[in-house]
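Here are some short exercises to help you find your way around a new structure. Try each task yourself before you read the solution below it.

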Amino acid sequence: MHSDIKKNKIFPDKSIPKHLAIIMDGNGRWALKKSLSRHSGHLEGVHTVHKIIKDCLHYKVKYLTLFAFSSENWRRPIEEITNLITIFINVLKAEMDRITDSGICFNVIGNLSVLDINLRKLILEATNKTLNNKKLYLTLAINYGGRWDILQAIKSMLSNNKDIHKNMDIIDEKFFSNYLSMSWAPDPDLIIRTGGEQRISNFLIWNLAYTEIYFTNKFWPEFNSIDLELALNWYSTRERRFGGLNVNKNKILKVQ
Ligand code: IPE
Ligand code: IPE
Ligand code: MG
């Protein structure tokens, strides 16, 4: 690991994002560049996941949410989809104990109902085993789409509040967002997208309303601790106003 990161000198704790979301893109293009199969690119991407989780534990990032498979990724060739599902199963099997022992609370968001039964069993086992862990809330988005999330939230809100049409004033942002997949977590402070594309690709569209967005050309398999450090450094320079004004700057202006 980079020596500066070890010393934890670069960022004062307050500038570390509480919730980091990542669109892990570029596995296929990384593989193509190396004349390897797309499958090799996805396998290499798993190594990056390990490294970044380790770094997030080090930085004390509280929530790490990783986009692993979108609701639109079913448009890919069946062979690639099968390979990806197999990777998820193998990684969960191999890492179950390490995840549990390292204090990680494991979650999955997305439409799991259509996923392979073995994968669903493993997800359930991992979420149950790590339920009481609190060091890092690690969420994998599998068969996840932001539009799906909003639709499932509407359905769930309506079925839980049968007479809601008689009192629609109670539906405000807070009330509604309780039904979204990530209702239990704060909105992401920072989202990183690797692979050079500058789009959200239907990730957490509701939750990203005020998230700082960092794009890098690095492909996911080659994204490393230094790249994360660069992203966190960039984040620490952002002035987050949420539509308001910077309170401290205004104070200075008034004094002058
Ligand atoms: C991201 O890498 C992984 C998934 C979407 C599952 P890609 O597979 O999209 O890689 P590129 O974008 O084709 O290089
Ligand atoms: C976004 O990557 C989804 C994941 C990283 C899981 P894609 O490769 O699917 O996105 P597009 O198609 O380039 O927008
Ligand atoms: Mg891609």
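**Exercise 1. Work out what the salt bridge between D97 and K129 ties together.**

Solution. Keep in mind that this is a predicted model.
- Start with the distance: the side chains of D97 and K129 meet at 3.9 Å, N to O. A salt bridge needs the nitrogen within 4 Å of a carboxyl oxygen, so this pair qualifies.
- Next, place the partners. D97 sits in helix α4 and K129 in helix α5, so the bridge ties together parts that are 32 residues apart in sequence.
- Finally, check the cover: K129 has 41% relative accessibility, which makes it partly exposed.

As a general idea, side chains of opposite charge can pair when their charged atoms come close.

**Exercise 2. Find out where D189 and R240 sit, and how covered each one is.**

Solution.
- The two side chains form a salt bridge, with 2.9 Å from N to O.
- D189 is in the loop between α7 (173–177) and β5 (190–193), while R240 is in the loop between α8 (225–236) and α9 (247–255). That's a link between distant parts of the chain, 51 residues apart.
- Now the cover. D189 has a relative accessible area of 14% and is buried, whereas R240 comes out at 24% and is partly exposed. The cut-off for buried is under 20%.

**Exercise 3. Describe the salt bridge between E239 and R241, then look at the wider set.**

Solution.
- The side chains of E239 and R241 meet at 2.5 Å, N to O.
- Both partners are partly exposed: E239 has 28% relative accessibility, and R241 has 44%.
- Elsewhere, D25, R29, R193, E197 and R199 are joined into one network by salt bridges that share partners.
- The count for the model comes to 15 salt bridges.

**Exercise 4. Decide whether strand β3 is enclosed or open, and find what it pairs with.**

Solution.
- β3 covers residues 104–109, and six of its six residues are buried, so the strand is largely enclosed by the rest of the structure.
- Look at the directions: I104, F106 and V108 point one way, and C105, N107 and I109 point the other way.
- β3 pairs with strand β4 (residues 136–144) in the parallel sense, over six bridges. Within β4, L140 is the bridge partner of V108.
- T127 in helix α5 (residues 117–129) gives you another view of the strand. Setting aside neighbours within four places in sequence, T127 contacts F106, N107 and V108. T127 is itself buried, at 17% relative accessibility.

**Exercise 5. Pick out the residues that touch the most other members of the largest nonpolar core.**

Solution.
- The core has 43 residues, and L20, I22, L64 and I192 touch the most other members.
- Helix α4 (residues 78–101) supplies the largest share, eight residues.
- Zoom in on L64: leaving out residues up to four places away in sequence, its contacts are L20, I22, I53, C56, L136, Y137, L138 and T139.
- A second, separate core has 15 residues, including I109, M182, A185 and L204.

**Exercise 6. Locate the surface patch that includes I154.**

Solution.
- L151, I154 and L158 make a nonpolar surface patch of about 250 Å².
- I154 belongs to helix α6 (residues 146–160).
- With a relative accessible area of 34%, I154 is partly exposed. Patch residues need over 30%, so I154 passes that cut-off.

Technical notes. Residues are numbered from 1 along each chain as its sequence is written. Chains are lettered from A and ligands numbered from 1 in the order in which they are written. This is a predicted model: local features need pLDDT of at least 70, side-chain atom pairs count only at pLDDT 80 or more; totals for chains, interfaces and linings use all residues. Side-chain values use heavy atoms; hydrogens and water are left out. Buried means under 20% relative accessible area, exposed over 50%, partly exposed in between (1.4 Å probe, protein chains only). Helices (H or I, at least four residues) and strands (E, at least two) are DSSP runs, numbered from the N terminus. Two strands pair if DSSP finds at least two bridges between them. A nonpolar core is a set of buried Ala, Val, Leu, Ile, Met, Phe, Trp, Tyr and Cys residues joined through side-chain atoms within 4.5 Å. Contact means heavy atoms within 4.5 Å. Patches are made of residues with over 30% relative accessible area and no salt bridge: like charges are joined within 9 Å, nonpolar side chains (Val, Leu, Ile, Met, Phe, Trp, Tyr) within 5 Å. Accessible areas come from the Shrake-Rupley method with a 1.4 Å probe; for residues, only the protein chains shown count as cover.
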